[in-house]
Amino acid sequence: GSVMSPLADLTIARWGTQALGTSANLDHLYLSRLKAAREAQANPDTSFDTSYVADFDSNPHYSDYSSDWNAWNDAASSRRGHLDGTWFAIILLAAGFTVAAGVRLRMKDPT
């Protein structure tokens with residue numbers, strides 16, 4: 001991750017974007033790269049860089065993706081876990097910001 005990643009983790013927009021991408025199944029856009037990487041490997045049991053789908057899949061691995069171009073649901077279980085995590089982060093941040101705003105308002109007008 002970059003230096004800005006921890007700061008980005010504190011924004012609802014980051015988690016909202018990832019939740020939307022997971023819901024829209026954007027990881028299927030990377031299926032061709034996953035398929036090509038899998039087919040290019042001499043030993044398919046070794047892992048390869050799947051960081052480009054990590055925003056939409058909590059545990060991306062080539063074996064979760066079929067070589068069938070229509071098999072978009074192959075990684076549904078790991079995507080579901082990722083979607084649950086993004087919604088948890090959104091709810092947690094929204095609650096935290098709401099509490100912080102309430103505390104700040106109380107400090108300005110304690111009556």
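Let us begin with Phe88, which lies in helix H4. In this predicted model, is Phe88 buried or exposed? Phe88 counts as exposed, because its relative accessibility is 56%, and the cut-off for that class is over 50%. Please find Phe88 in the structure and then look across to Trp15. The two residues are 73 positions apart in sequence, yet their C-alpha atoms are 9.2 Å apart in space.

That brings me to Trp15 itself, a residue of helix H2. Its relative accessible area is 16%, so Trp15 is classed as buried; the limit for that class is under 20%. Which residues does Trp15 touch, if we do not count those up to four places away in sequence? They are Asp9, Thr86, Ala89, Ile90 and Leu93. Another pairing across the sequence involves Gly85: the C-alpha atoms of Trp15 and Gly85 are separated by 8.9 Å, although their positions lie 70 residues apart along the chain. There is also a polar link to Asp9, whose backbone oxygen lies 2.9 Å from a polar atom of the Trp15 side chain.

Let me now place Trp15 in its wider setting. The largest nonpolar core has six residues, namely Trp15, Ala19, Leu83, Ala89, Ile90 and Leu93. Two helices, H2 (12-23) and H4 (76-108), each supply at least two residues of this core. Which helix gives the most to it? The answer is H4, with four residues. As general background, nonpolar side chains in soluble globular proteins tend to be buried together.

Within that core, consider Ile90. Setting aside its neighbours within four places in sequence, Ile90 is in contact with Ile12, Trp15, Gly16 and Ala19.

Next to consider is Thr86, which is also found in helix H4. Thr86 has a relative accessible area of 1%, and it is therefore buried. Residues up to four places away in sequence aside, Thr86 touches Trp15, Gln18 and Ala19.

A further residue of helix H4 is His82. His82 counts as buried because its relative accessibility is 11%. What joins its side chain to that of Thr22? The link is a polar contact of 3.1 Å.

I turn now to the charged side chains. How many salt bridges does a search of the whole structure find? It finds two. In general terms, side chains of opposite charge can pair when their charged atoms come close.

One of these salt bridges joins the side chains of Asp9 and Arg14, with a distance of 3.0 Å from N to O. Asp9 is partly exposed, because its relative accessibility is 31%. Arg14 is likewise classed as partly exposed, at 26% relative accessibility. You will recall that the backbone oxygen of Asp9 is placed 2.9 Å from a polar side-chain atom of Trp15. Asp9 therefore enters our account through its side chain and through its backbone.

Another salt bridge joins the side chains of Arg80 and Asp84, at 3.2 Å from N to O. Why are these two residues separated by about one helical turn? The reason is that they are four residues apart in helix H4. Asp84 has a relative accessible area of 40%, so it is partly exposed.

Let us move to the surface. Val3, Met4, Leu7 and Leu10 form a nonpolar patch there, and together they have about 460 Å² of accessible area. Where does Leu10 sit? Leu10 is in the loop between helix H1 (5-8) and helix H2. Its relative accessibility is 52%, and Leu10 therefore counts as exposed.

Finally, I should like to consider the chain as a whole. Its secondary structure comes to four helices and zero strands, and from the N terminus the elements run α-α-α-α. Of the 111 residues in the chain, 27% are buried. The chain exposes about 7300 Å², and carbon and sulfur atoms supply 62% of that area.

How much do residues distant in sequence contribute to the contacts? Among contacts in the chain with a separation of 6 or more, residues 24 or more positions apart account for 62%. One example to trace on the structure is Trp15 of helix H2, which touches Ile90 and Leu93, among others.

Note on methods
Residues numbered from 1 in each chain as written. Predicted model: local features only at pLDDT ≥ 70, side-chain atom pairs only at ≥ 80, totals over all residues. Heavy atoms only, no water. Core = buried A, V, L, I, M, F, W, Y, C linked by side-chain atoms within 4.5 Å. Buried < 20%, exposed > 50% of the residue type's maximum accessible area, 1.4 Å probe, protein only. Contact = heavy atoms within 4.5 Å. Patch = residues over 30% accessible without salt bridge, like charges linked within 9 Å, V, L, I, M, F, W, Y side chains within 5 Å. Areas by Shrake-Rupley, 256 points an atom, 1.4 Å probe, with all protein chains shown as cover. Salt bridge = Lys/Arg side-chain N within 4 Å of Asp/Glu carboxyl O. Polar contact = N/O pair within 3.5 Å; in protein donor to acceptor, adjacent residues only side chain to side chain.
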